[in-house]
Amino acid sequence: MANAASGMAVHDDCKLKFLELKAKRTFRSIIFKIEEKQKEVIVEKLGDPSQTYEDFAASIPADECRYAVYDYDFVTEENCQKSRIFFIAWVS
């Protein structure tokens, strides 16, 4: 459904893929693109679980705007494996 302030809609697949990443860790990242003609945000790319941050960063176009989420794995000082999901607004 479109946002009243922006007139921009978000495709249902965006939410479904995000929930899948969050719950099942099916993807390492999701890149979202604004489809100007339909005035809608869509899923452009899904990152494989084995994808590195460098692979993810390289897959974002340097000269175009995108939204993305990235599931970042890390080890704490207590040697515990953790992950955090980051939302990224890429503006060129």
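**Close-up views of a predicted protein chain**

Among contacts in the protein chain between residues at least 6 apart in sequence, 42% join residues at least 24 apart. The model shown in these views is predicted.

**Figure 1. The whole protein chain, with 2 helices and 5 strands.** Followed along the sequence, the elements of the protein chain come in the pattern β-α-β-β-α-β-β. Taken along the principal axes, the C-alpha atoms fill a box of roughly 45 × 30 × 20 Å. The chain has 92 residues, and 27% of them count as buried. Its accessible surface is about 6,500 Å², and carbon and sulfur atoms account for 55% of that surface. The side chains include 13 positive and 16 negative ones, and the centres of these two sets are 5 Å apart.

**Figure 2. The open sheet of 5 strands.** The strands lie in the order β1-β3-β2-β4-β5, and their pairing is mixed. At the edges are β1 (9-10) and β5 (81-90), each of which pairs on one side only. Two of the pairings, β1 with β3 and β2 with β3, are shown in the next views.

**Figure 3. Strand β1 beside strand β3.** These two strands run parallel and are joined by 2 bridges. Ala9 is placed opposite Glu40 of β3. Val10 is placed opposite Val41 of β3.

**Figure 4. The hairpin of β2 and β3.** Strand β2 covers residues 29-35 and runs antiparallel to β3, with 7 bridges between the two. One facing pair is Ile34 and Val41, the latter in β3. There are 4 residues between the strands of this hairpin. Lys39 takes a positive phi near 50° in the hairpin.

**Figure 5. Val41 and its surroundings in strand β3.** Strand β3 spans residues 40-47, and Val41 belongs to it. Val41 faces Val10 and also stands opposite Ile34. Is Val41 buried or exposed? Its relative accessible area is 10%, so Val41 counts as buried, the limit being under 20%. With neighbours within four places in sequence left aside, the residues in contact with Val41 are Met8, Ala9, Val10, His11, Cys14, Phe32, Lys33 and Ile34. For a sense of scale, the C-alpha atom of Val41 is 19 Å from that of Lys22, and these two residues are 19 residues apart along the chain.

**Figure 6. Asp71 and its polar contacts in strand β4.** Asp71 sits in β4, which runs over residues 66-75. Its relative accessibility is 3%, and therefore Asp71 is counted as buried. Which side chains form polar contacts with the side chain of Asp71? One is the side chain of Arg25, in a polar contact of 3.3 Å. Another is the side chain of Ser83, in a polar contact of 3.4 Å. Ser83 falls within the residue range of edge strand β5 (81-90). Apart from neighbours within four places in sequence, Asp71 is in contact with Leu21, Arg25, Arg28, Ser83, Arg84 and Ile85.

Notes: Residues are numbered from 1 along each chain as its sequence is written. This is a predicted model: local features need pLDDT of at least 70, side-chain atom pairs count only at pLDDT 80 or more; totals for chains, interfaces and linings use all residues. Side-chain values use heavy atoms; hydrogens and water are left out. Buried means under 20% relative accessible area, exposed over 50%, partly exposed in between (1.4 Å probe, protein chains only). Contact means heavy atoms within 4.5 Å. A polar contact is a pair of N or O atoms within 3.5 Å; within protein, one must be able to donate a hydrogen and the other to accept it, and residues adjacent in sequence count only if both atoms are side-chain atoms. Accessible areas come from the Shrake-Rupley method with a 1.4 Å probe; for residues, only the protein chains shown count as cover. Lys and Arg count as positive and Asp and Glu as negative; His and the chain ends are not counted. The place of a charge is taken as NZ of Lys, CZ of Arg, CG of Asp or CD of Glu. Two strands pair if DSSP finds at least two bridges between them.
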